[in-house]
Structure formats: structure tokens, C-alpha cells
Amino acid sequence: MRAFIALLASGLVALAAQAHAEQASIEAVARAAGLRIDTGTVPVNGVALYYRDIGPPSAPPVVLLHGFPETGDAFAPVVATLGKSYRLIVPDLRGAGASQAPAAGYDKRIVAADVRALLDRLGIARVHVIGHDLGARVAVAFAVQYPDRLLSLGVAEAFLEGLAGTAEFKRFAATNPRLQHFARFAQVDDSVFEYWGREEELVLWFMNSRSKTRKFVPDDVTRYVASLKRDGALRAAFLGYEAFDRDAAFLEKADFSTLAHVPALAVVCQSPAGNGLQRQLGSAGLRNLKAATLERCTHWITEENPDETVPAIADFLEGAR
């Protein structure tokens with residue numbers, strides 16, 4: 001009888017663990033795929049930054065930059081494929097994941113300087129940079145500040161404040177339910193007060209309001225929620241939005257002429273608005289510009305639609321070698 005009870009208890013524990021699975025980490029996915037992976041936390045630009053270095057050390061290096069409310073784990077669905085041909089550098093940006101959440105420094109030009117300093121620490125001179133959502137803004141800030149470090153630029157599912165259409169976008173965002181969070185989250189104190197202790201609710205609401213083919217549940221976002229629950233991290237996330245007007249002023253004055261012939265990719269999910277990123281980058285003077293429109297997503301290109309995302313990125317990177 002005791003043996004039966006013990007067996008039953010162990011089975012219940014196993015079922016409970018299965019019912020409450022943790023979100024897959026990029027580290028676990030990379031190791032399961034048999035990829036080389038190094039991780040570390042290093043002081044760069046006044047902040048302790050956590051990073052993963054995945055794939056063949058001699059392969060072309062690709063920096064992957066996540067958005068909100070994500071961490072570098074957003075790229076877990078694509079790392080097994082891309083990590084076979086490329087050396088992937090995947091940081092948690094300042095304020096997110098296992099990186100430090102300082103009280104300031106969330107202008108995208110500063111976050112881009114974090115990335116450059118990380119590359120210096122790793123001894124990597126030139127890279128392909130791909131950013132999604134807020135990470136796309138960081139990628140562009142990196143490109144205009146450090147064009148000599150750039151092999152190619154990829155941006156996905158973002159609006160680049162300071163480039164063509166900014167005034168119209170801000171007017172439209174004020175009344176569009178999907179975009180009203182821009183102004184709402186920029187009110188940092190109010191947003192922290194509203195979502196303190198409700199981080200899981202915030203992540204699920206935000207991600208599911210921008211999803212076409214996937215319903216995110218708590219087990220899908222445990223790492224994102226844990227990230228926002230760290231000391232200072234919720235405030236840090238909203239400070240990224242509070243910085244948007246300064247980000248716009250920075251890009252308005254930036255010199256894009258050095259990027260005219262840099263290979264660039266603008267990725268969006270299908271929408272009636274078309275590829276706004278392509279229009280923005282083209283208006284900024286980028287001429288070696290490709291575009292990709294993904295059908296089975298609304299915003300989360302890697303988590304919602306990896307089957308279309310991987311070929312789009314891989315084809316671009318192959319052509320940009």
C-alpha cells in the first residue's frame with residue numbers, strides 16, 4: 001500500500017509539473033539542438049548585461065535584439081535553425097531578463113551603446129543586427145551611431161519614431177486601441193502603480209491583443225513575467241516608452257547617408273497598412289532594402305510564426321554575406 005501511495009504521489013507530482021511547464025529558455029533550446037553556447041554577465045557602458053553566444057565561433061555574427069515585454073528568450077523558436085549557420089549574440093537588453101535594471105539610460109542610443117560595448121568585450125568587430133519591436137529601435141540607433149560595425153540591418157514589427165510619418169503616427173496612436181499603450185506606458189509612475197503585482201496579467205493581455213494565430217497562456221510567458229517582477233524591471237520597461245520622444249529627436253538629426261548601401265530588411269506582419277518599415281527606411285535613404293511580409297502573425301514574429309520568420313531572416317542573411 002505504501003508503495004502504491006508513493007507511486008501515486010510521484011505520478012501526481014509529474015502531472016503537476018507537466019501542467020505548469022516553464023517557458024522554454026533560449027539556452028535550453030540551443031543545448032537541445034547540440035549548439036555551442038556560452039553565457040555570461042559583463043559590465044558594459046555602466047550596466048551589467050547578460051548575453052548568450054551561440055553557434056560556430058567562426059560563423060558570421062548576428063545580434064538579435066528583443067522587444068517588450070520579452071527577453072532574449074523571444075528568439076528561442078528560431079535559434080536551433082539559425083544557430084547552425086551563424087554565431088548568434090543574444091543579450092537581455094538593459095532592464096530585462098537577467099541584465100541589470102538601472103534607474104536611467106533607456107534612450108535607444110544608450111541601449112545601442114550597451115550592445116556595441118558588449119561586442120567590444122567579445123572581440124567582435126562587425127555584425128548583422130536584427131531587432132524586433134523595441135529592439136528594432138535599438139538596432140537602428142546602433143546602425144546610425146556605428147555604421148562601421150554593421151554588416152547588415154534587419155528590423156521587424158516596429159514604428160521608428162523620428163522617421164517619415166512620425167507626426168501622423170502619433171495622431172493615429174492617440175485613438176487606436178492597439179497603439180494607445182504608447183502614451184499610457186510613457187506615464188511611468190502611473191503604469192508602475194497600475195501593473196505592480198499584475199505582471200502576468202500585463203504580459204498576457206499585451207501579447208494576446210497582438211496575436212493572430214496563437215493564444216498565449218501563463219506557461220508560455222513565465223520567463224517574461226519573472227523578468228518584470230525583478231526589482232526595478234517594471235519601471236525600466238516603461239522608461240523605454242518614456243524615452244520615445246527623445247529617441248525621435250535623435251533619429252531626426254541622425255545621418256543615414258552612411259547606411260545608403262548597407263543591406264537592410266524590413267519585416268512586418270500582414271496588415272492593411274502595408275510595410276510601413278520599408279517606407280520609413282526608404283525615406284531615410286536606405287537603397288539596398290528588402291521587404292518581407294509574414295501572413296500568419298500580428299506582431300510576435302518568432303513566437304507566433306517561426307515557420308515564416310526563419311526563412312525570411314535566413315534568406316536575407318545569406319544574401320548579405
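**Note on a predicted model: a buried arginine, two pockets, a cavity and two helices**

1. R137 is buried, having a relative accessible area of 6%, and the cut-off for that word is under 20%. The structure discussed here is a predicted model, and this arginine is a convenient place to begin reading it. R137 lies in helix α5, which spans residues 134-145.

2. What does the side chain of R137 reach? One partner is the backbone oxygen of D133, at 3.3 Å. A second is an acidic residue, since the side chains of R137 and E161 are joined by a polar contact of 2.9 Å. Leaving aside residues up to four places away in sequence, R137 touches K108, A158, F159, L160, E161, F182 and F244. Several of these names return below: A158 and F159 are among the residues nearest the centre of the largest pocket, while F182 and F244 are among those nearest the centre of the second largest pocket.

3. The largest pocket has a volume of about 760 Å³. Its lining is made up of 33 residues, and those that lie nearest its centre are A158, F159, F169, R178 and L179. Helices α5, α6, α7 and α13, together with strand β7 (264-269), each supply at least two residues of this lining, and α13 gives the most, with four residues. By class, the lining of the largest pocket holds 15 nonpolar, ten polar and eight charged residues.

4. The second largest pocket contains about 320 Å³ of space. Here the lining comes to 16 residues, with K170, F182, A183, F244 and D245 lying nearest the centre. The elements that each supply at least two residues of this lining are α6, α7, α11 (233-242) and α12 (244-253), and the largest share, four residues, comes from α6. The lining of the second largest pocket divides into ten nonpolar, two polar and four charged residues.

5. Helix α6, residues 166-173, deserves separate attention, and within this helix T166, F169 and A173 are buried. Why do they lie on the same side of α6? They cover an arc of only 60° around the axis, and therefore they share one side of the helix. As background, an α-helix has 3.6 residues a turn, so residues three or four places apart point the same way. What covers the buried residues of α6 includes α7, residues 181-186. Of the buried residues, F169 is also one of those nearest the centre of the largest pocket, and K170, in turn, is one of those nearest the centre of the second largest pocket.

6. Helix α13 (276-283) can be read in a similar way, with L277, Q280 and L281 as its buried residues. These residues cover an arc of only 90° around the axis, which puts them on the same side of α13. The cover over the buried residues of α13 includes the strands β6 (150-156), β7 and β8 (289-294). At the start of this helix, a side-chain oxygen of N275 reaches to within 3.3 Å of the backbone nitrogen of L277. After α13 comes G285, whose phi is positive, near 110°.

7. Which residues lie nearest the centre of the largest cavity? They are H66, R94, A96, L134 and A237, out of a lining of 21 residues. The volume of this cavity is about 260 Å³, and the model has three cavities of 30 Å³ or more. Helices α4, α5, α10 (222-229) and α11 each supply at least two residues of its lining, with α11 giving the most, four residues. In terms of class, twelve of the lining residues of the largest cavity are nonpolar, six are polar and three are charged.

8. A last point concerns R121, which lies in helix α4, residues 108-122. Not counting residues up to four places away in sequence, R121 touches V42, P43 and V44. As for S191, which is 70 residues from R121 along the chain, the C-alpha atoms of the two are separated by 35 Å.

Note on methods
Residues are numbered from 1 along each chain as its sequence is written. This is a predicted model: local features need pLDDT of at least 70, side-chain atom pairs count only at pLDDT 80 or more; totals for chains, interfaces and linings use all residues. Side-chain values use heavy atoms; hydrogens and water are left out. Buried means under 20% relative accessible area, exposed over 50%, partly exposed in between (1.4 Å probe, protein chains only). The arc is that of the directions from the helix axis to the C-beta atoms. Contact means heavy atoms within 4.5 Å. On a 1 Å grid over the protein atoms alone, a cavity is a set of points where a 1.4 Å probe fits but cannot get out, and a pocket is an open set with protein on both sides within 12 Å along at least five of seven lines; lining residues have an atom within 4 Å of a point. Grid points are joined across faces, edges and corners, and a volume is the space filled by probe spheres set on the points. Ala, Val, Leu, Ile, Met, Phe, Trp, Tyr, Cys and Pro count as nonpolar, Asp, Glu, Lys and Arg as charged, and the others, Gly among them, as polar. A polar contact is a pair of N or O atoms within 3.5 Å; within protein, one must be able to donate a hydrogen and the other to accept it, and residues adjacent in sequence count only if both atoms are side-chain atoms.
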